[in-house]
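The following exercises concern strand pairing and aromatic contacts. Please work through each task before reading its solution.

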Amino acid sequence: MIIAFLRKLPSRSSTSESGIHERSSPREQSGRFHKSSITRLLACLATALAVTAGLFVVQTPAASAADITTDLGITGGGDVVAGGGRAFIAGNDQLLVVNANGTFNTAVGGLSARSLAITPDGTRLYAALRDPNWIMELDTATLDTTREISLAEYPCPTNLALSGRWLWVGYGCDQWDGGVVGIDLSSGYRSRLIRVAATYASPKVAAAGNTLVVGDSGLSPANLTVYDVNPFRVTQRGIIDGHDYHTGFLGDLAITPDGSTIIAAFPDSDEYVSWDTTSLQKVRAYGPDPSSGFYSPVVAVSPDGTRVAAGRGTESGLGVTLYDSATAAPVYTGTLTDHGGLMDLRSLTFSNDDLFAVWRDLDSDHLHLWRLETGTLPASTLTLTAPSTGTGTGADILTLTGRLTLPDGSAPGEQPLSVTRYVNDSAALTREVTTAEDGTFTFTDRPRSAGVIRYDVIWNGSPTVHWSTASATVTLVKAESSITLSGPETGTVGTQLKVSGVLFQGGQPMGTTTPLKVLRTVITSEGTVVTELPHPRMIIFDGRFTFTDTPTEAGEYSYRVEFDGDRASLPTTATFDVTVEEAGQG
């Protein structure tokens, strides 16, 4: 047993009339923060939205898989939260974003967060940046930074809990320097901070309603301290004494949405224990968990409070059990054992009725995302129809149609859909389309490439209806190409010639990123000379181009324009002839 006496930290702020230490964040800003502010904040680490694999190294699984796991390609971070039809994962140097079905959405580089919290409506995300000692607020729609809050006097923010206007931060870099500070988010850019408690190490925090629970993760047995929260003060309600329940070290902490019940997980216990936050008495235990005894457990409560999810890594894999919160009866069990090695479950969160878990492969240190489909939400249906592939070419404009149908057949109204185009299994483009009121949708696309073109459409679902996805594949061949040339039929030595042309692909004027080659052949009495001219000036979008030449001697000039072909079209050539005479002739 470890008995620890907390040191009294020196006062670093003024004391309000309520007796709570409070101060304003020194980082006061007037105006909106954008992604460029992250560059300033992270010492020249660029923040960038990216849809390239360079920021998100994954092996994308089939979207129809019930439970999928994805190698995130990172070794640090690991906290995960979900909201607004997406999940957000804290990486060691980036924030990763995935859709509700676990497929990659986007990433923000240069953002090294230890913990995340998200508002119930999914519009604001909070990230604890341990090294610069900041809390960053992001707009989840744009991923722009909307607020930055300095925690210079409360270093190493590690754990976050959000409830109403208050964001609670468990901080601490080492032994004897932990604590909890509250941030009043309603006070605008001049965020009011209140120091709540001092702890041995960076504590776990959980909050809901007017209840805050703090668990010191560095002591055994671990005590849970419960606080009353109001707009003006935080007062201690009582302590759940770890000695009374033989709790050991604290692994994880969760709270029901009404703040009435706290659920705690302990590595050396085979149960997930809940206490009433008013009476401070044990209510029930979830489990026993047959996988207990290995690694730290994690626990989460569904947004409606009806389900408790609990799990941990084991020597043979991962196990997660979903319990009825009122009866503690197990209603779902998910296991993952086919990846080999030792698997450490790091964090767990609800995405509507499904679950996202982040786990670490102890052999490679890579973090993985595990999405568990519990199947308790009614299913929606999404269809997608592609045009016939009989004569399709890479230069064609494709029209695709589909429909989103709700379980009861009612009109879904306007719903956003995410469409990703894959060219020969490589993601090339992601865009958003919106359904009509009746759920139908149509979009057009010109792939600009031959090969196997696949379109994946995802609807991220709602709190009452499960997400759905659909795919359609088109096989395209390279289009026939042609070039037309026009210009003067005769020229004069020393006078510039200008030749214009149009590149056609599939019968339509079309530009290309492949440079055209122009070869000039001059036939005179002294022989034949072939010269390559500089690349023509081309208007990329409609295939028009021009090139110029100034003859230096009389003779027959022939200009040959060559197109080597590109991903969409076959190669082609065209020739234009000009007779050049000495000045004054003719």
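**Exercise 1.** How many aromatic pairs does the structure hold?

Solution. In this predicted model, the count is nine aromatic pairs. One of them joins Tyr286 and Tyr323, with 5.6 Å centre to centre and 50° between the planes. Planes under 30 degrees apart would count as stacked and those over 60 as edge-to-face; the pair of Tyr286 and Tyr323 is therefore tilted.

**Exercise 2.** Determine which parts of the chain the pair of Tyr286 and Tyr323 ties together, and whether these residues are buried or exposed.

Solution. Tyr286 belongs to strand 24 (residues 282-286), whereas Tyr323 belongs to strand 27 (residues 318-324), so the contact ties together parts 37 residues apart in sequence. Both Tyr286 and Tyr323 are buried.

**Exercise 3.** Classify the pair formed by Phe441 and Phe443, and assign the burial of each residue.

Solution. The ring centres of Phe441 and Phe443 are 6.5 Å apart and the planes differ by 5°, which makes the pair stacked. Burial requires under 20% relative accessible area. Phe441 has 3% and is therefore buried; Phe443, at 3%, is likewise buried. Ring pairs also link Phe441 and Phe443 with Tyr455 in a cluster.

**Exercise 4.** Describe the sheet formed by strands 9, 10, 11 and 12.

Solution. The sheet is open, with the order 9-10-11-12 and antiparallel pairing. Strand 9 (115-118) and strand 12 (145-150) each have a single partner strand, so one side of each lacks a neighbour in the sheet. Strand 9 is joined to strand 10 (residues 124-129) by four bridges, and Ala117 stands opposite Tyr126 in strand 10.

Technical notes: Residues numbered from 1 in each chain as written. Predicted model: local features only at pLDDT ≥ 70, side-chain atom pairs only at ≥ 80, totals over all residues. Heavy atoms only, no water. Pairing = 2+ DSSP bridges. Helix = DSSP H or I, 4+ residues; strand = E, 2+ residues; numbered from the N terminus. Phe/Tyr/Trp six-rings, centres within 6.5 Å; stacked < 30°, edge-to-face > 60°. Buried < 20%, exposed > 50% of the residue type's maximum accessible area, 1.4 Å probe, protein only.
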